[in-house]
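Trainee: I've got a new model on my screen and I'd like to practise reading it. Walk me through it, one piece at a time.

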Amino acid sequence: MDTQIARERQDMLVPETPHALPSKQVLAQLGASDDGLSAQEAATRLESHGPNRLPEPQKESKLKRFFKHFNDALIYVLLAAAVITGVQGHWIDTALILLVVVFNAVIGYVQEGQAENALAGIRQMLSATATARRDGEWVVVDAEDLVPGDLVRLGAGDRVPADVRLLRATDLQVEEAALTGESVPSDKQTDPVDADAGIGDRSSMAFSGTLVTAGTALAVVTGTGQHTEIGKINTMVAEVETLATPLTRAMARFSKVLSLIVVGIAVLLFFIGLIFHDFTLGELFVAAIGFAVATIPEGLPAILTITLARGVQLMAKRNAITRKLNSVETLGSVTTICSDKTGTLTRNEMTVQQVVTISGQYQVTGTGYAPEGQLERDGQPVSLDDHDDLRALITVAGLANDSEVRRADDDWKLLGEPTDGALRVLAMKTGFEAGGSRVAGVPFNSTNKWMATLDDHGGARIVNLKGAPDRILALCSWQGAGPDARDDLDHQHWEDEIDRLSEQGLRVLAAAVRTADDADELTADDVDSGGFVMLGLYGIIDPPRPEAIEAIAECQRAGIDVKMITGDHAGTALAIAREMGIGDGRTAITGSQIEEASDAELQELVRTSDVFARTSPEHKLRLVTALQANGEVGAMTGDGVNDAPSLKRADVGVAMGIKGTEATKEAAEIVLADDNFASIEKAVEMGRTIYDNLRKSIVFILPTNGAEGVVILIAIIAGLSLPLTPVQILWVNMLTSITLSIALAFEPSEPDIMKQPPRDPNSGLLSRLTLARIIYVSLIIAGATLLIFGLTISQTGYSLEVARTMAVNTLVFGQIFYLFNVRYMRQSSLRLAMFTTNPIAWICVAGAIVLQLLFTYVPLLNTALSSAPLNPAQWLYPVGVGLLVFVVVEVEKAVGRARRARQDESADS
C-alpha cells in the first residue's frame, strides 16, 4: 500500500497522546477489544503500518570510502600535473606523482574508523518475540508482526516489544535508563497523566526497547517501528547532520587558497617564460609543473593522518578508543563538554549516603555496590553495638530486602532492585548478620509503596517495614529504637528531615518495625492496620565518581565549560552538580522550559546555564545545536540510546564503553573503555597535544615547499636552468614527510597545555608569527639553494647534475636543522630536553641523512633522480646553511620572548 495512505491510516488509528487518555478511550480509538485482534485484521494492519522494525541504513561502500580521500583541491592539482607529465612522456615523474597521491589515500583509508552504524545498535535493543492476543487466544508472535491495537502481556524480564498503553498493571516497574536517563526503574500504573508530560513522566506507558524488571501488565500497542519513541530517536540519528571538524574546515580553506595561488602563479610563469625567454613549450610545461609540485605540500595529508593515528594509539592507552581520526584533533578544540549524569558523572550504583534515627544523623562512607566503608557521626566511626537506634534501622535494611550483592571478577554485582541493593550494601558495611528467619512477606508494589517482612527472632515475631516515607509515617504510632519503643511520634521532625534529605537530591526511604505476637502469615491488610514504631530514614543517591570531580575542575581550569544534561529529576541533578562543581548549585533548566524556548532563547539559556534536567532526546539535540550556534565546539557524553542523536550531532560524541548501549557507541567518535569522565579530560589533553604537533608539522613542511617554489619561480623569471627537476622536488618533499615530519608526531605535551584556553575553532592553521617564520625560513633556504647552485654550476668541471645534487642537499639540511627549531615553537631549543624527550626525532634525522647519501652515491638513484656524487668538501655548504637557519630562528624566538615579557610587565603594572 502507498506510504502516504499507510501514514494516514496510522494517524487515524493511533491517538496522539495515549498516555493522557483513559484506557477505554485508547482501546476504542484503536479499534481493539478484550479479545485482541483477529488474525485477518492484524494482517491488514501489518500491510498498512509495515513491520515493527527499524529500517536498515544505507552503508557507504569501501570503494567510495577510498576515493573520497582524493576529494581535495591540492590533490586535484597533483592529478592534473600527473596527466600533463604523462602526455609529455615523462613517465617517471607521472609514476612518482601518482604514487604520492595513492599513498596518501591508502593511509587515510586504513587509519579511518569504520562508517557509523548507530541505527544497527538501536535495532539490537528491540524485542524478538511478544505474547499477543489473537482471535481470543494468547499466542507468541514475532515482535515484527505487532500492529497498533494488539493486546500484549508483559512480565519481569521481558523486553517491551512496542510502545504500549497500560490497561492493567500489578507492581510493574520498567528499566528506562537507556531512554530517559533515570537511575532507578520507573513505577508504572494505568491512570492517565498530563498530555504534556515528558517521556520519563508517562507512567501509563511502556516504551519499545525498555526492560520490565518487576510485576506484570496487560497493554495495548499504540506505536510500532518508526512510530515508537525509540523509532523517533532512530529517525533523528538518521537525519542529524554531522559538522566538519575545526581541522577539516581549516584544511579545506587552506587547500583551496593554496591551490588557487599555485595554479595562478604556474600559469603566470608559463606565459613569462613563453614571452620573455626562449624556452620550448615542453620546457615550460616541465617548469610550471615543477613549480606546482614544489609548492604543494603533497606529504601534508599523510603527515596529518599519521599524527592523528599516533594520537589514536596514545588515547587508547588512556582508555579512550577513537573511531574517527579527525575527532582526536577536535577534542583539542573543545570549549564545552556536555555530560549525561547517570553512568557518566555518577557510578550508576545506588548508595546509601546518610541515615537518620531518633538520635540524629549518620554519614555512610564508600560508594557503589562494593561493601567497603563505614558509618560515621561527626567524622568518627560508630558501631552497632553502641547504638541501638542504628542496629534497629540496619536490621530493617537487611531483612526487608530481596536483593543480593556478590563478588564476581574482582567487582561487586547486584542481583535485584537498585534501591534494595543500596540497603543490602549498607547492612554489609556494618557487618550485620540476620540472626533470624523470614516467615512471610508482602513485596513492594506501586500502590502500597512499601515492602514488609514477618521475621522470627529467637521465637519473637517482628514485622520489618520499609518504603516511601509518607506511607510509612502514616502507619506509625510511635518512634524509637526498636519494636517496644513508645516515644510519641514527632511528625514535624520527620517531615523536616525528609525535606532536608530531598533538597540534597537524595532518594528517601523510611523504616519502621512492630511486634507481631505469634503470627504465621502477613498480608497487606495486616500492615495497613498500623501500630508501627518509626525507626528512621535512609538517604540514597547514585554517587558521583570521585575522579570525575577532579577531572571537571581540571577542564574548568583549562577554560572548558562543563554542562550536565540529564533525563533525571531537577533535584537529583542539582545535588550531583553541587558535588561535582557544575553550575551555581541552585539553578536547573527543565525539559518543559527547553520546550517553550525559541531557538534564540535556547542559545541564551545554554550560554548562561550549566544544569539541564528532565530532558528528552529532542531536548538534548536542541541543546547541542544551540551550543554550536553560539560558536562553541562541543563534546557530548552519554550511555543511553536517548543520547545517540545528540552524540552524533556534537563535534565530538563520547560514549561509555561498559554501560553504554551499542547505539550510543556507534553514534560516537570516542568510546571510553572505563566509563570514566576523567578519561575525557585526559583525552582533551591529548587532543591539544596532537593539534600542537599538527601545527608544528605544517610550520615545518611549508618552508620546504616555499623554498622550492621560490627557487623555481626565480629560475624561470631569470631564464636560468632549473636548479631542481620535478622528480627531485618530489624526492625532497617525500623525504621531508616520510622521515623528518614523522618525528613531530611523537613530541610530548607542553607542560602548560591544560592551562591554556581553548583555541578559536574559526582561527586559521597559521598565526601571524608562524606565517612570518615560514616566509623568512623559506627565503633563507631558497636564497642559499640558488646561491650554491649558481656557484657550483659556474665552476669548471662540475656538471648540472652535481649542481642540482648540491641544491637538493641544501634544501634537506636546511630542513634537518629547522626541525629542532620547530620542536619548541616559542621556547629555546638549546636545552637538554631536546636530546632526551623525543628519541624518534634523532632516528628520523639519521634516516634522512642515510637517504641523502643513497641519493647522492647510489648509481641507480643517480640515473632515476638525475643526481651525482659529491666530494667531502661540498657537504660543508648544505651543513652550513642548516646551521644558519637554526641560529636565525633561535634569535627570532629570543626576541619574541623578550617582547612578550615586556608586554606582561606592562600589563601587571
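Mentor: Some vocabulary to begin with: helices (H or I, at least four residues) and strands (E, at least two) are DSSP runs, numbered from the N terminus. This is a predicted model, where local features need pLDDT of at least 70 and side-chain atom pairs count only at pLDDT 80 or more, while totals for chains, interfaces and linings use all residues. Residues are numbered from 1 along each chain as its sequence is written, and side-chain values use heavy atoms, with hydrogens and water left out.

Trainee: Okay, let's start with H16. Which residue with a positive phi follows H16?

Mentor: Look just past the helix, at a glycine. Its phi is positive, near 75°. The residue that follows H16 is glycine 431.

Trainee: How far apart are the end C-alpha atoms of H16?

Mentor: Work out what to expect: the span is 1.5 Å times one less than the number of residues. H16 has twelve residues, 418-429, so it should span 16 Å. The model agrees, with its end C-alpha atoms apart by 16 Å.

Trainee: And how many of the twelve residues of H16 are buried?

Mentor: Buried means under 20% relative accessible area, exposed means over 50%, and partly exposed is in between (1.4 Å probe, protein chains only). Among the buried ones are Pro418, Gly421, Leu423, Val425 and Lys429. H16 is largely enclosed by the rest of the structure, because the number of its residues that are buried is eleven.

Trainee: Which backbone nitrogen does the side chain of glutamate 417 reach at the start of H16?

Mentor: We're after a polar contact, a pair of N or O atoms within 3.5 Å; within protein, one must be able to donate a hydrogen and the other to accept it, and residues adjacent in sequence count only if both atoms are side-chain atoms. Here a side-chain oxygen of glutamate 417 comes to within 2.9 Å of its partner. That partner is the backbone nitrogen of threonine 419.

Trainee: Now arginine 45: is it buried or exposed?

Mentor: Find arginine 45 in helix H3, residues 39-49. Its side chain reaches the backbone oxygen of leucine 30 at 2.9 Å. Its relative accessibility is 3%, so arginine 45 counts as buried.

Trainee: Which residue forms a salt bridge with arginine 45?

Mentor: A salt bridge is a side-chain nitrogen of Lys or Arg within 4 Å of a carboxyl oxygen of Asp or Glu. In this pair the closest N and O atoms are 2.6 Å apart. The two residues are about one helical turn apart, because they sit four residues apart in H3. The partner, partly exposed at 26% relative accessibility, is glutamate 41.

Trainee: What does aspartate 402 pair with in a salt bridge?

Mentor: This pair links distant parts of the chain, 36 residues apart, from the loop between H15 (388-399) and S14 (404-408) to strand S16 (residues 437-442). Aspartate 402 is partly exposed at 49%, and its partner is also partly exposed, at 39%. N to O, they meet at 2.9 Å, and the partner is arginine 438.

Trainee: How many salt bridges are there in the whole structure?

Mentor: Side chains of opposite charge can pair when their charged atoms come close. Another pair is arginine 406 with glutamate 404, at 2.8 Å N to O. Arg202, Glu229 and Lys232 are joined into one network by salt bridges that share partners. The search of the whole structure gives a total of 27.

Trainee: Which helix gives the most residues to the largest nonpolar core?

Mentor: A nonpolar core is a set of buried Ala, Val, Leu, Ile, Met, Phe, Trp, Tyr and Cys residues joined through side-chain atoms within 4.5 Å. The largest has 71 residues, and Ile337, Leu465 and Phe677 are among those touching the most other members. With eight residues, the helix that gives the most is H27.

Trainee: Last one: how many disulfides does the structure hold?

Mentor: A disulfide is counted when a pair of cysteine sulfur atoms lies within 2.5 Å. Cysteine 476 is buried at 8%, and cysteine 555 is buried at 0%. The number of disulfides is zero.
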